[in-house]
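I opened the notebook today to look up two things: how some helices pack, and where the open spaces lie. Here is what I wrote down.

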Amino acid sequence: MTRHGRREGSVVPEAEFRSYYGRPILKRPTWKVPDVPGYLFLGGTAGASATMAVLADLTSRPELARVGRSVAAVGALASVAALIHDLGRPERFLNMLRVFKPTSPLSVGSWIIGPFSALATASAAAELTGTFSRPGRLAGIGSGVLGPAMCTYTAVLLADTAVPAWHEAYPELPLVFGGSALACGAGAALCVPGVDHRPPTRMGLLGAGMELAALRGMERRLGLVGEPYVTGRPGRLLRLSKSLTAVGTGLSLLGRRSPVASALAGAAYLGAGLCTRFGVFEAGLASAQDPKYVVLPQRRRGAAQS
């Protein structure tokens, strides 16, 4: 017995953590599905396609440049439509452009997607109509310069929230989205016959490698907070994404001899990109619902500092 009356060696079991009245500590994001995951996917695909179009133009591949500009324009417009549908009223999107605040990822993102969409649409319109070729080419260059930001700013936007699975993944999430966007842009080009598939094949391999490496590093580093990425519906979606990415890389190499294999590789890459965006989005929602992902990491950080 100790002087306090306890038996030596007795251990008080650690209490199971529960939130106040069983309510989540964080408010679940009210973003709509499929609007927001679709917005993440379409914007990334458009950004990668716009940059690919500029590089194709510089290397004298006009057919590939035309495909890239068209995909960039369609993806950008569809992305804006998905965002407006999520906001509920078109004027809310316009209100986001009233000010420019460098410290706000939402404000910066609004000023990326707005000019990018206008430039990508103008470039594709000039390409399709055969008019205003010089201004159209300049608009294409402008959208291509903004392309990398379109691929990754949405990851910064998610990581800037208090949602644990997004916030704690801030070092890797832009690489995940950037790699996935490269693979999706390549996939869209691989689905179109009659163009030079060598550049998008290399682009898809680069993007696939970047995405898979970043996902693996993220899941290993996050520990407890990374559980939503490997369990439940988000885990299934991300495993499917990895499988489709692997299929896409293999088929893209075979596609040098078979147009059918190229088209299938493109479809696999695009399917993987959708699964990645939906998986990451739903992992964030799951982490916001469970209080342990909020409190336990905070307790561990506090204990480490004391």
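Before the entries, I noted what I mean by a pocket: an open set of grid points with protein on both sides within 12 Å along at least five of seven lines. I also reminded myself that this is a predicted model.

**Entry 1: the largest pocket**

I looked up the volume of the largest pocket and found about 340 Å³. Which residues sit closest to its centre? Of the 18 that line this pocket, they are Thr-51, Met-52, Leu-55, Leu-182 and Met-203. I then checked which elements build the lining: α1 (35–58), α5, α7 and α8 (198–222) each supply at least two residues. The largest share comes from α1, with 6 residues. Sorted by class, I have 11 nonpolar, 5 polar and 2 charged residues in the lining.

**Entry 2: the second largest pocket**

For the second largest pocket I noted a volume of about 240 Å³. Its lining holds 15 residues, and nearest the centre I found Trp-31, Leu-83, Met-96, Leu-106 and Leu-157. Two or more lining residues come from each of α1, α2 (62–87), α4 and α5. Which element gives the most to this lining? That is α4, with 4 residues. By class, I wrote down 12 nonpolar, 2 polar and 1 charged.

**Entry 3: α4 with α5**

Next I turned to the helices. The axes of α4 (residues 105–129) and α5 (residues 133–159) come within 8 Å, and they cross at roughly 145 degrees. I noted the crossing as left-handed. On the α4 side, the residues that meet α5 include Leu-106, Ile-113, Phe-116 and Ala-120. On the α5 side, I picked out Gly-140, Leu-146, Met-150 and Leu-157, among others. The contact divides into 17 nonpolar, 7 polar and no charged residues. I liked meeting Leu-106 and Leu-157 again here, since I had them down as lying nearest the centre of the second largest pocket.

**Entry 4: α7 with α11**

Last, I looked up α7 (residues 173–190) and α11 (residues 259–289), which pack at about 150 degrees with axes 7 Å apart. Why did I write "roughly antiparallel" for α7 and α11? Angles over 145 degrees count as roughly antiparallel, and the angle here is about 150 degrees, so the label fits α7 and α11. α7 passes α11 in a left-handed crossing. Among the contact residues I listed Phe-177, Ala-181 and Cys-184 from α7, and Tyr-269, Gly-273 and Arg-277 from α11. By class, this contact has 13 nonpolar, 6 polar and 1 charged residues.

Key: Residues are numbered from 1 along each chain as its sequence is written. This is a predicted model: local features need pLDDT of at least 70, side-chain atom pairs count only at pLDDT 80 or more; totals for chains, interfaces and linings use all residues. Side-chain values use heavy atoms; hydrogens and water are left out. Axes are lines fitted to C-alpha atoms, for helices over the stretch in contact, and angles run from 0 to 180 degrees between N-to-C directions. Angles under 35 degrees count as roughly parallel, over 145 as roughly antiparallel, 65 to 115 as roughly perpendicular and the rest as oblique. A crossing is left-handed if the near helix is turned anticlockwise from the far one by less than a right angle, and right-handed if clockwise. Contact means heavy atoms within 4.5 Å. Ala, Val, Leu, Ile, Met, Phe, Trp, Tyr, Cys and Pro count as nonpolar, Asp, Glu, Lys and Arg as charged, and the others, Gly among them, as polar. On a 1 Å grid over the protein atoms alone, a cavity is a set of points where a 1.4 Å probe fits but cannot get out, and a pocket is an open set with protein on both sides within 12 Å along at least five of seven lines; lining residues have an atom within 4 Å of a point. Grid points are joined across faces, edges and corners, and a volume is the space filled by probe spheres set on the points.
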